[in-house]
Amino acid sequence: MVKNATTLTFYGGVDEIGGNKILLQDRDTRVFLDFGMSFSMKKQFYSPPFLSPKSECSLQELGILPKIPGLYKFDKEPPQADAVFISHGHLDHMAYLSFIKREIPIYCGETTKAILQALSEMRRADLEFSVADIQFKTFRTGNKISVGNIEIEPYHVDHSVPGAYGFIIHTSNGTVVYTGDFRDHGAKPVMTKEFVEQAKRTEPVAVITEATNMTGASVSNEVEVQNKLNQIISCAEGIVLAEFGYSDVDRLKSFYNIAKENNRCLAISLKQALLLDALRKDKGLEVPALDDPHLLIFRKSKKSTYKWETELIDRLKGLHKIFDILEASKQQCKMVLGLSFYDFEELVQLKPQAGSCYILSASEPFNEEMELDFERLLNWLQHYGLPQYHVHVSGHIMPLQLKKVLKSISPAQIFPIHTEKADLFAGFMRDLKSSIIRVEKYQEYLL
């Protein structure tokens, strides 16, 4: 490598959606952009909970965890990275922080820190996700963070999880822009617009962009989703069952608003309640409080509870907001019940009334953090006479809008990742002035 070179090496996010792990090296400064779990690679070898990885050696042997000297806790070599910057709180971008040496600083947004700490509290610590002992360094839009030879400016973007950021990175050989996951059709498109405008002003030598939605793109936005939810919920005569990502705050607010307009309560899980309570500390999010009269908390039937569940139940006991499935069955026409497919056993006791329905409000198969045998879902719905509605808008930017963004920024080079359709992307973007780089895993790219 040239002594004063700036390079990019992609250890994940190549020919897959998620798993982002990008090394930016500027002379002797080494910074990783995201360090997520690869769901697609893991699925090739494992089927949790019956077949799960037992050690770091297993993950490295199969190529799921890349072999990078001086990066991991189990590696005795001194640290060989100066920092890791996390764009947002989805597992495919941050879960493998679990393995990073604790001497290496981890930077993330304040909201992402709250999400990760809540996840750490509610999930059983395991090999692939354990961040309890990480001392996060937080940032907000407007901060400038110097790490060795580079300066990083985080800028908020709109995504399906709050607290998402893109990065504008000033190196010795020009500016590099990393979009993370972003969109311009969510609840706060102005955030993405501000990021794009700032990126354009820097005249970057490279943009690393997500390109998730190259097929199956749709034209919709969060306002349209809310209107569709109102059409369904206003006509429902029984209970409305809703499946949406527990960290998708925009969708939670949409369900909450429409439930309230139709004189119903939104009932969320204990997991969503814990996360919502943590996010209340961020005044910019404006999420419902747990004592809101139109918000209830559903406690599913099980013989034991985790420590965090017991503590949350005890803390909220005086509000009289926690209920079980038998109580829900008595007030079906007054409720929108957030219910995961994995909790469908509750339907046996609920016995949904005629005129009830089910709304799937996540991408199929739901999202990058869970998968589902869709046939089993349909079997449950048919058994209880529940029609299924799919009302959703993606957390990722659409192709025409992405092309407009990249044309506006006009970098010298574009590196598409977080996509299974890189060749399609290259063909679609072929008339841009920028060079489209067909990214290969582990290859070092000189800027």
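Helices and strands here are DSSP runs, numbered from the N terminus. With that in hand, S410 can be placed in the loop between α13 (399-409) and β19 (413-417). The structure you are looking at is a predicted model, so let us begin with confidence, where pLDDT is the predictor's score for each residue, from 0 to 100.

The protein averages a pLDDT of 93, and 97% of the residues score at least 70. Over residues 364-370, however, the pLDDT is below 50, although this stretch has 21 contacts in the model beyond near neighbours in sequence. Where pLDDT is low, the predicted coordinates should not be read in detail.

Now to the interior. The largest nonpolar core has 74 residues, and F35 and L97 are those with the most contacts inside it. Helix α8 (residues 270-279) gives the most to this core, contributing seven residues. Another core lies apart from it, with 27 residues that include L8, L24, Y165 and V439.

Next, a look at the backbone. Most residues other than glycine have a negative phi. Two residues to inspect in this respect are E203, with a positive phi near 50°, and S410, whose phi is positive at about 55°. The table sets out where they sit.

| Residue | Phi | Loop between |
|---|---|---|
| E203 | near 50° | α5 (189-201) and β11 (206-210) |
| S410 | about 55° | α13 (399-409) and β19 (413-417) |

How exposed is E203? E203 counts as exposed because its relative accessibility of 66% is over 50%. S410, with a relative accessible area of 38%, is partly exposed.

Notes
Residues numbered from 1 in each chain as written. Predicted model: local features only at pLDDT ≥ 70, side-chain atom pairs only at ≥ 80, totals over all residues. Heavy atoms only, no water. Core = buried A, V, L, I, M, F, W, Y, C linked by side-chain atoms within 4.5 Å. Buried < 20%, exposed > 50% of the residue type's maximum accessible area, 1.4 Å probe, protein only. Helix = DSSP H or I, 4+ residues; strand = E, 2+ residues; numbered from the N terminus. Contact = heavy atoms within 4.5 Å.
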